[in-house]
Amino acid sequence: MGKRIISKELIERYCIYLQECEKSGGTIRKYRHYLEFFQEFLYGRSVGKNLVVQWKDGLKRCLSTSTVNGAIAALNGFFRYLGWKDCVTRFFKTGRRIFCLEERELDRQEYERLVIEAERSGDDRMAALLQTIAVTGIRVSELQYITVEAVRSGGAELDNKGRIRRIFLTGGLRELLKKYMARHEITSGALFITRNGRPMDRSNIWRAMKRLGIRCGVSESKVFPHNLRHLFARTYYDQEKDLSRLADILGHSSVNTTRIYTMESGKKHAKQLERLNLLITDNRIYLPLYPLPSD
């Protein structure tokens with residue numbers, strides 16, 4: 001068996017292949033990152049299963065299981081593409097999480113503080129953008145479909161990874177966006193664009209949100225665009241309790257993915273346990289379950 005050397009050209013060829021398979025830009029960027037990271041680890045060595053396992057175990061010591069499994073997925077796809085099936089490695093097993101991390105759960109009050117701070121500082125674009133994601137539950141990459149035409153018609157057709165779905169803009173959101181359009185004299189095309197006229201991307205929005213979070217005291221770990229989509233999912237599920245419909249709204253192919261979006265930190269669960277009132281305290285007087293024997 002000849003040497004298996006990973007080169008930049010080989011990685012580039014694979015990324016072009018992923019584009020032809022209609023993988024999303026975000027997925028391709030993530031896969032490229034992990035492949036280049038693995039290439040640096042190899043330092044010119046030939047790829048072998050032992051090195052793959054060594055790299056995987058090293059990642060596990062400093063990263064979460066889900067992050068490491070994402071890296072493994074990138075490598076396994078690359079190996080299968082090249083026919084190096086003997087290098088494919090197993091994913092780490094993960095137990096199903098019931099609660100999300102409290103330090104990453106953005107609640108409604110914190111979301112309101114972000115919007116109010118954007119309005120107070122005169123950044124009406126961010127104020128409108130944050131509310132658009134929170135009210136519709138769309139992905140950041142889908143903001144490009146929020147156009148003048150969508151606002152006028154009350155909805156838009158979204159295409160994500162070949163899946164077409166329709167989102168609806170509520171009456172209140174349409175009024176907010178119409179005022180925004182009028183102030184900025186936007187008469188056609190996407191609403192949320194940069195000074196160069198290009199649709200805002202995840203990095204633009206992430207940086208702007210971080211600045212808002214610092215000014216209004218919302219923890220940095222909670223302030224990222226995708227968390228608004230999670231807020232929408234939790235709020236919708238709390239009200240409707242319809243996981244299947246929520247999966248359709250979010251564009252998920254599996255309700256198992258949707259369950260992740262509806263996870264809460266556990267504070268609400270803890271309060272529910274308190275209300276069960278099953279703790280027998282020392283100062284409570286109660287009757288015995290069975291009659292006491294007579295003398």
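The exercises below, each with a worked solution, concern a predicted model of a protein.

**Exercise 1. The protein as a whole**

Task: State how many helices and strands the protein has, and what percentage of its residues count as buried.

Solution. Begin with the secondary structure: the protein has 13 helices and two strands. Next take burial: 40% of the 295 residues count as buried. The accessible surface can be added to this picture; it comes to about 18,600 Å², and carbon and sulfur atoms hold 51% of it. Last, consider contacts between residues at least 6 apart in sequence: 60% of them join residues at least 24 apart.

**Exercise 2. Helices H2 and H3**

Task: Decide whether H2 and H3 are roughly parallel, antiparallel or perpendicular to each other, or oblique.

Solution. Locate the two helices: H2 covers residues 25-42 and H3 covers residues 49-60. Their axes lie 11 Å apart, at an angle of about 110°. Angles of 65 to 115 degrees count as roughly perpendicular, so H2 and H3 are roughly perpendicular to each other. The crossing of H2 past H3 is right-handed. On the H2 side, the contact is made by Tyr34, Phe37, Phe38, Phe41 and Leu42. On the H3 side, Leu51, Val52, Gln54, Trp55 and Leu59 take part. Sorted by class, this contact has nine nonpolar residues, one polar residue and no charged residues.

**Exercise 3. Helices H10 and H11**

Task: Carry out the steps of the previous exercise for H10 and H11, and find how many charged residues their contact has.

Solution. H10 is made of residues 226-240 and H11 of residues 243-250. Their axes come within 10 Å and cross at roughly 150°. An angle over 145 degrees counts as roughly antiparallel, and therefore H10 and H11 are roughly antiparallel to each other. This crossing is right-handed. H10 contributes Arg229, Phe232, Ala233, Tyr236 and Tyr237 to the contact, while H11 contributes Leu243, Arg245, Leu246, Ile249 and Leu250. By class there are eight nonpolar, no polar and two charged residues.

**Exercise 4. Positive phi in two loops**

Task: Find where Glu185 and Lys241 lie, and decide whether each is buried or exposed.

Solution. A general point comes before the two cases: most residues other than glycine have a negative phi. Glu185 has a positive phi, near 55°. Its place is in the loop between helix H8 (171-183) and helix H9 (202-216). Because its relative accessible area is 68%, Glu185 is exposed. Lys241, also not a glycine, has a positive phi of about 55°. Lys241 lies in the loop between H10 and H11. Its relative accessibility is 52%, so Lys241 counts as exposed.

**Exercise 5. Two buried residues**

Task: For Lys222 and Ile133, explain why each counts as buried, and give the C-alpha separation of each from a residue distant along the chain.

Solution. Buried means under 20% relative accessible area. Lys222, in the loop between H9 and H10, has 11% and is therefore buried. Its C-alpha atom is separated by 9.1 Å from that of Asp107, a residue 115 places away along the chain. Ile133 is found in helix H6 (residues 124-136). With a relative accessible area of 1%, Ile133 is buried. The C-alpha atoms of Ile133 and His230 are 10.0 Å apart, and the two residues are 97 residues apart along the chain. Leaving aside neighbours within four places in sequence, Ile133 is in contact with Ile138, Val140, Leu143, Pro225, Leu228 and Arg229.

Notes
Residues are numbered from 1 along each chain as its sequence is written. This is a predicted model: local features need pLDDT of at least 70, side-chain atom pairs count only at pLDDT 80 or more; totals for chains, interfaces and linings use all residues. Side-chain values use heavy atoms; hydrogens and water are left out. Axes are lines fitted to C-alpha atoms, for helices over the stretch in contact, and angles run from 0 to 180 degrees between N-to-C directions. Helices (H or I, at least four residues) and strands (E, at least two) are DSSP runs, numbered from the N terminus. Angles under 35 degrees count as roughly parallel, over 145 as roughly antiparallel, 65 to 115 as roughly perpendicular and the rest as oblique. A crossing is left-handed if the near helix is turned anticlockwise from the far one by less than a right angle, and right-handed if clockwise. Contact means heavy atoms within 4.5 Å. Ala, Val, Leu, Ile, Met, Phe, Trp, Tyr, Cys and Pro count as nonpolar, Asp, Glu, Lys and Arg as charged, and the others, Gly among them, as polar. Buried means under 20% relative accessible area, exposed over 50%, partly exposed in between (1.4 Å probe, protein chains only). Accessible areas come from the Shrake-Rupley method with a 1.4 Å probe; for residues, only the protein chains shown count as cover.
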